[in-house]
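Here is a short guided tour to read alongside the sequence and the 3D view. Have the viewer open, and let us begin in the sheet.

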Amino acid sequence: MRSGDHKAYITIANNVAGKSNCIRRDVGAILVREGQVLATGWNGVSGEHRDCREAGCPRCINGGETGSGYDECICIHAEQHAIADAARRGVSTRDSILYVNLRPCLQCMAIAKVSGVREIFYSEDWTVPAKIERAYRTLSDQFYSFACIDELRGSGVTESQSGDQRSGSESSPPLSAEAKDI
């Protein structure tokens with residue numbers, strides 16, 4: 001897969017992030033297989049609330065260190081939302097690729113792994129607290145690919161390594177019939 005393809009998918013994830021109603025950060029994620037967007041997700045609370053502050057999220061209201069305090073957060077993460085959306089609609093995530101505009105947290109990686117996601121690409125990095133880094137690396141190493149798209153320049157990642165066999169125009173990838181309903 002060419003780096004332009006990765007960037008096109010990250011652009012879609014960035015656009016999806018615009019649906020977020022989290023007051024801390026706008027995160028978007030998409031699941032892709034064989035050149036088709038299977039599902040999309042963004043972070044935040046249910047549409048019953050304007051935003052997570054109105055919903056009463058303690059972590060978002062009080063702040064906290066990136067990568068921790070999720071046990072106090074009522075927002076769903078973009079990756080979780082995309083995987084849940086696919087599950088709700090009966091769309092398999094087996095052998096899919098997750099694109100997200102922020103490095104996934106440990107729990108989102110674990111959920112992605114058990115849901116059949118094969119590769120993860122993200123555009124914005126952040127550091128995991130040192131006490132979690134070892135577990136984070138152990139889990140990220142279980143994916144066929146796990147990389148920040150900026151690190152792919154000159155890395156030699158090819159179409160055969162990524163498993164995506166679509167020929168490559170630089171235009172936006174097509175949405176699957178199921179994803180168009182999102």
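Which residues point one way from β3, and which the other way? Ser96, Leu98 and Val100 point one way, Ile97 and Tyr99 point the other way, and all are buried. Please keep in mind throughout that this is a predicted model.

## Overall layout

The protein has eight helices and five strands. Read from the N terminus, its elements follow the order α-β-β-α-α-α-β-α-β-α-β-α-α. Of the 182 residues, 47% are buried.

Sequence-distant contacts are a good thing to look for as you turn the model. Taking contacts between residues at least 6 apart in sequence, 66% join residues at least 24 apart.

## Strand β3 and its partners

Let us stay with β3, which covers residues 96-100. Five of its five residues are buried, so the strand is largely enclosed by the rest of the structure. The two-way split of its side chains fits a general pattern. In a regular strand the side chains alternate between the two faces of the sheet.

Two strands pair with β3, and they do so in opposite senses. Strand β1 (residues 28-33) runs antiparallel to β3 and is joined to it by four bridges. Here isoleucine 30 stands opposite tyrosine 99. Strand β4 (residues 117-122) pairs with β3 in the parallel sense, over five bridges. On that side, valine 100 has tyrosine 122 of β4 as its bridge partner.

## Helix α4 and glutamine 80

Helix α4 spans residues 78-88. Its buried residues are Ala78, Glu79, His81, Ala82, Ile83, Asp85 and Ala86. What covers them includes the strands β1, β2 (36-42) and β3, together with helix α5. After α4 comes glycine 90, with a positive phi near 75°.

Glutamine 80 also lies in α4. Is it buried or partly exposed? At 21% relative accessibility, glutamine 80 counts as partly exposed, because buried means under 20%. Beyond its neighbours within four places in sequence, glutamine 80 is in contact with Cys108 and Ile111. Its C-alpha atom is separated by 9.1 Å from that of glutamine 107, which is 27 residues apart from it along the chain.

## Helix α6, face by face

Next, select helix α6, residues 130-140. Its buried residues are Tyr136, Leu139 and Ser140. Seen down the helix axis, these buried residues fall within an arc of 85°, so they line one face of α6.

The face turned away from the buried side carries the exposed residues Ala130, Lys131 and Arg134. The buried residues of α6, for their part, pack against α5 (106-114) and β5 (145-148).

## Aromatic pairs and charges over rings

The whole structure contains five aromatic pairs. One of them joins tyrosine 136 and phenylalanine 146 in an edge-to-face arrangement, with 6.0 Å centre to centre and 75° between the planes. Tyrosine 136 belongs to helix α6 and phenylalanine 146 to strand β5, so the pair ties together parts that are ten residues apart in sequence. Both tyrosine 136 and phenylalanine 146 are buried. Ring pairs also link Tyr122, Tyr136, Phe143 and Phe146 into a cluster; Tyr122 is the β4 residue that bridges to valine 100.

Two charged side chains lie over aromatic rings here. Lysine 113 lies over the face of phenylalanine 143, 5.4 Å from the ring centre. Arginine 118 lies over the face of tyrosine 144, at 5.7 Å from the ring centre.

## Cysteines

How many disulfides does the count come to? The answer is zero. For cysteine 108, the closest cysteine sulfur is that of cysteine 105, at 3.7 Å, which is too far for a bond because a disulfide needs the two sulfur atoms within 2.5 Å.

Cysteine 108 is buried, with a relative accessible area of 2%, and is one of the residues in contact with glutamine 80. Cysteine 22 counts as buried too, at 12% relative accessibility.

Key. Residues are numbered from 1 along each chain as its sequence is written. This is a predicted model: local features need pLDDT of at least 70, side-chain atom pairs count only at pLDDT 80 or more; totals for chains, interfaces and linings use all residues. Side-chain values use heavy atoms; hydrogens and water are left out. Buried means under 20% relative accessible area, exposed over 50%, partly exposed in between (1.4 Å probe, protein chains only). The arc is that of the directions from the helix axis to the C-beta atoms. Contact means heavy atoms within 4.5 Å. Rings of Phe, Tyr and Trp (its six-membered ring) pair if their centres lie within 6.5 Å; planes under 30 degrees apart count as stacked, over 60 as edge-to-face and the rest as tilted. A charge sits over a ring if NZ of Lys or CZ of Arg is within 6 Å of the ring centre and within 35 degrees of the ring normal. Two strands pair if DSSP finds at least two bridges between them.
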